[in-house]
Amino acid sequence: MGAEFTPGGAFPFFGVDVEALGGAHVSLEAIWGREADLVCERVLEAKTPEARLGALESALAARAARAVDFALAAFADPSRASTVADVTGRLGMSAKRFIRSFTE
C-alpha cells in the first residue's frame, strides 16, 4: 500500500524536507521510525481492502492533527505573532488545504 501526495501536501505528514524525497521511494520506517511499524501492523491486521485503507487514513489523519496543533500553538504565542501565511509556509501546505484540515 502506498500514498501519493500533491506538491506541498506531504510536509504535515512527514515533517522532513520532502523536496529531497521527490521522486524517490522511501520506507515509512525511515521517516516515522517505530510508529511506522505500528501503522503497518494495523494495516496488515485489517481484513478487507476498505479496512486497510481506513487504517492508513487514520494514521495520516493523526499526523494532520499534529499540524493543526502546531498551528494553534503558533497562533497562541504572542511572541511569534504568526499569520496564516506564516504557518502554512512552515507546514508546507496551501492555505486552502490548511483551512480544510483545521476545519476537519
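**Pocket lining and helix packing in a six-helix model**

The lining of the second largest pocket comprises nine nonpolar, two polar and three charged residues. This pocket belongs to a predicted model. Its volume is about 290 Å³. Of the 14 residues that line the second largest pocket, Phe13, Glu57, Leu60, Ala61 and Arg97 are the closest to its centre. Two helices, α4 (49–76) and α6 (95–103), each supply at least two residues of this lining. Helix α4 gives the most, with eight residues.

The protein as a whole has six helices and zero strands. Along the sequence, the pattern reads α-α-α-α-α-α. The protein has 104 residues, and 25% of them count as buried. About 7000 Å² of the protein is exposed. Carbon and sulfur atoms supply 58% of that area. Contacts along the chain were also examined by their separation in sequence. Among those between residues at least 6 apart, 41% join residues at least 24 apart.

Helix α4 was considered next. It has 28 residues. At 1.5 Å a residue, α4 should span 40 Å. The C-alpha atoms at its ends are 41 Å apart, so the expected span and the model agree. The buried residues of α4 are Ala55, Leu56, Ala59, Leu60, Arg63, Ala64, Ala67, Val68, Ala71 and Ala74. An α-helix has 3.6 residues a turn, so residues three or four places apart point the same way. Leu60 appears both among the buried residues of α4 and among the residues closest to the centre of the second largest pocket.

Arg63 is a charged residue in the lists above, and it lies in helix α4. Its relative accessible area is 12%, which is under 20%, so Arg63 counts as buried. Beyond its neighbours within four places in sequence, Arg63 is in contact with Pro12, Phe13, Trp32 and Glu35. One of these partners, Phe13, is also among the residues closest to the centre of the second largest pocket.

Val39 lies in another helix, α3 (residues 34–45). Val39 counts as buried because its relative accessibility is 3%. Neighbours within four places in sequence aside, Val39 is in contact with Trp32 and Ala59. Trp32 is therefore a contact partner of both Val39 and Arg63. Ala59 is one of the buried residues of α4. Leu56, also buried in α4, is 17 residues from Val39 along the chain. The C-alpha atoms of Val39 and Leu56 are separated by 6.9 Å.

Ala85 gives a contrasting case. This residue lies in helix α5 (residues 84–91). Ala85 counts as exposed because its relative accessibility is 56%, whereas Val39 counts as buried at 3%. Ala85 and Phe98 are 13 residues apart in sequence. From C-alpha to C-alpha, Ala85 and Phe98 are 10.0 Å apart in space. The position of Phe98 falls within α6 (95–103).

Methods
Residues are numbered from 1 along each chain as its sequence is written. This is a predicted model: local features need pLDDT of at least 70, side-chain atom pairs count only at pLDDT 80 or more; totals for chains, interfaces and linings use all residues. Side-chain values use heavy atoms; hydrogens and water are left out. Helices (H or I, at least four residues) and strands (E, at least two) are DSSP runs, numbered from the N terminus. Buried means under 20% relative accessible area, exposed over 50%, partly exposed in between (1.4 Å probe, protein chains only). Contact means heavy atoms within 4.5 Å. On a 1 Å grid over the protein atoms alone, a cavity is a set of points where a 1.4 Å probe fits but cannot get out, and a pocket is an open set with protein on both sides within 12 Å along at least five of seven lines; lining residues have an atom within 4 Å of a point. Grid points are joined across faces, edges and corners, and a volume is the space filled by probe spheres set on the points. Ala, Val, Leu, Ile, Met, Phe, Trp, Tyr, Cys and Pro count as nonpolar, Asp, Glu, Lys and Arg as charged, and the others, Gly among them, as polar. Accessible areas come from the Shrake-Rupley method with a 1.4 Å probe; for residues, only the protein chains shown count as cover. The expected span of a helix is 1.5 Å times one less than its number of residues.
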